[in-house]
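Work through the exercises below with the sequence and the structure open beside you. Try each task before you read its solution.

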Amino acid sequence: MSARSFRPLWTLEELELTYQIVMLPFPPRACSPEYMQINPLGTVPAYIDGTTRMTESAAICEFIAMRHSLGDLAIAPNESEYGEYLNWVHFGEATLTFPQTLVLRYGRFEPIDRQLPQVVQDYSRWFLSRLRGVERKVSSHRYLCADRFTVADISVGYALMLAQYLGLSDRIPEAVREYWAELQERDGFKKALAAQEKAAVEQGVSTTPAPLTS
């Protein structure tokens, strides 16, 4: 629930595509060892489309959008903001989500005797400082690229969702909070939330979001 797999799920719902979702207990590498045959790292998501196999959430979103929504949810290579679009897509994962994973690990997932409050504090500040670019952009634009909602917003939006689970929302700049609040009002976002919860209940998986699991 609400792991990085939420990014491609949100993308699929925005495009109203047909898909099959398999929910896994957290952490999959420990609770579903058979999943290692699909993804040897044991991380989610794993995306299967014909002979295509992918495991990087932002890349999956980009793949889906390029195949099914080029010029809309994906920015085409011949558009002037194509480079900025790619930058934001990867910024959401590499720059924003990365420090939060350290906060999660050393503030929540590790046993008490292995938790590191200084790491949690330092990487929380790191994440918050990296929001300056997002703040600058959304202070004058509704979306990150081309004045329309794209996968770039999904990638960065998930990082803001994770920040909410980490209790960092109150420290996020006001313009970014407003941007995130608007993203949460999208039908695709709401449908993705409902889809993962419905699937979890039907498949006997905990509905507690992965970032809140201790």
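Contact, in these exercises, means heavy atoms within 4.5 Å. Keep in mind throughout that this is a predicted model.

**Exercise 1. Determine where Leu-73 lies, whether Leu-73 is buried or exposed, and which residues Leu-73 touches.**

Solution. Begin with the place in the chain: Leu-73 belongs to the loop between α3 (57–68) and α4. Next consider the accessibility, for which the cut-off is that buried means under 20% relative accessible area; since Leu-73 has a relative accessible area of 4%, Leu-73 is buried. Then list the neighbours, leaving out residues up to four places away in sequence: Leu-73 touches Thr-11, Glu-14, Leu-15, Ala-65, Tyr-85, Phe-149, Thr-150 and Val-151. Finally, take one distance along the backbone, where the C-alpha atoms of Leu-73 and Glu-13 are separated by 12 Å, although these residues are 60 residues apart along the chain.

**Exercise 2. Describe how helix α1 (residues 6–14) and helix α9 (residues 187–202) cross, and say what kinds of residues make the contact.**

Solution. The axes of α1 and α9 come within 8 Å, and they cross at roughly 120°. That angle makes α1 oblique to α9, and the crossing in which α1 passes α9 is right-handed. On the side of α1, the contact is made by Phe-6, Leu-9, Trp-10, Glu-13 and Glu-14, while α9 contributes Gly-188, Phe-189, Lys-191, Ala-192, Leu-193, Ala-195 and Gln-196. Sorted by class, the residues of this contact are seven nonpolar, two polar and three charged.

**Exercise 3. Carry out the analysis for helix α4 (residues 82–109) and helix α5 (residues 117–129), and then examine Asp-113 in the loop between α4 and α5.**

Solution. The axes of α4 and α5 are 8 Å apart, and the helices pack at an angle of about 160°. Angles over 145 degrees count as roughly antiparallel, and α4 and α5 are therefore roughly antiparallel to each other. Their crossing is left-handed. The contact involves Leu-96, Phe-98, Pro-99, Gln-100, Leu-102, Val-103, Tyr-106 and Gly-107 of α4, together with Val-119, Val-120, Tyr-123, Ser-124, Trp-126 and Phe-127 of α5. In this contact of α4 with α5 there are 11 nonpolar residues, three polar residues and no charged residues.

Turn now to the loop between α4 and α5, where Asp-113 is found. Because its relative accessibility is 70%, Asp-113 counts as exposed. The C-alpha atoms of Asp-113 and Tyr-19 are separated by 42 Å, and these residues are 94 residues apart along the chain.

**Exercise 4. State how many disulfides the structure holds, and explain why Cys-61 has no bond to Cys-145.**

Solution. The count of disulfides in the structure is zero. For Cys-61, look for the closest cysteine sulfur, which is in Cys-145; because it is 14 Å from the sulfur of Cys-61, it is too far for a bond. The surroundings can be checked as well: Cys-61 is buried, with a relative accessible area of 1%, whereas Cys-31 is partly exposed, with a relative accessible area of 41%.

**Exercise 5. Locate Ser-32 and decide whether Ser-32 is buried or exposed.**

Solution. Ser-32 has its place in the loop between α2 (28–31) and β1 (47–49). With a relative accessibility of 4%, Ser-32 counts as buried. Not counting residues up to four places away in sequence, Ser-32 touches Leu-24, Pro-25 and Pro-27.

How values were computed. Residues numbered from 1 in each chain as written. Predicted model: local features only at pLDDT ≥ 70, side-chain atom pairs only at ≥ 80, totals over all residues. Heavy atoms only, no water. Axes fitted to C-alpha atoms, helices over the stretch in contact; angles between N-to-C directions. Helix = DSSP H or I, 4+ residues; strand = E, 2+ residues; numbered from the N terminus. Parallel < 35°, antiparallel > 145°, perpendicular 65-115°, else oblique. Left-handed = near helix turned anticlockwise from the far one by under 90°. Nonpolar A, V, L, I, M, F, W, Y, C, P; charged D, E, K, R; others polar. Buried < 20%, exposed > 50% of the residue type's maximum accessible area, 1.4 Å probe, protein only. Disulfide = S-S within 2.5 Å.
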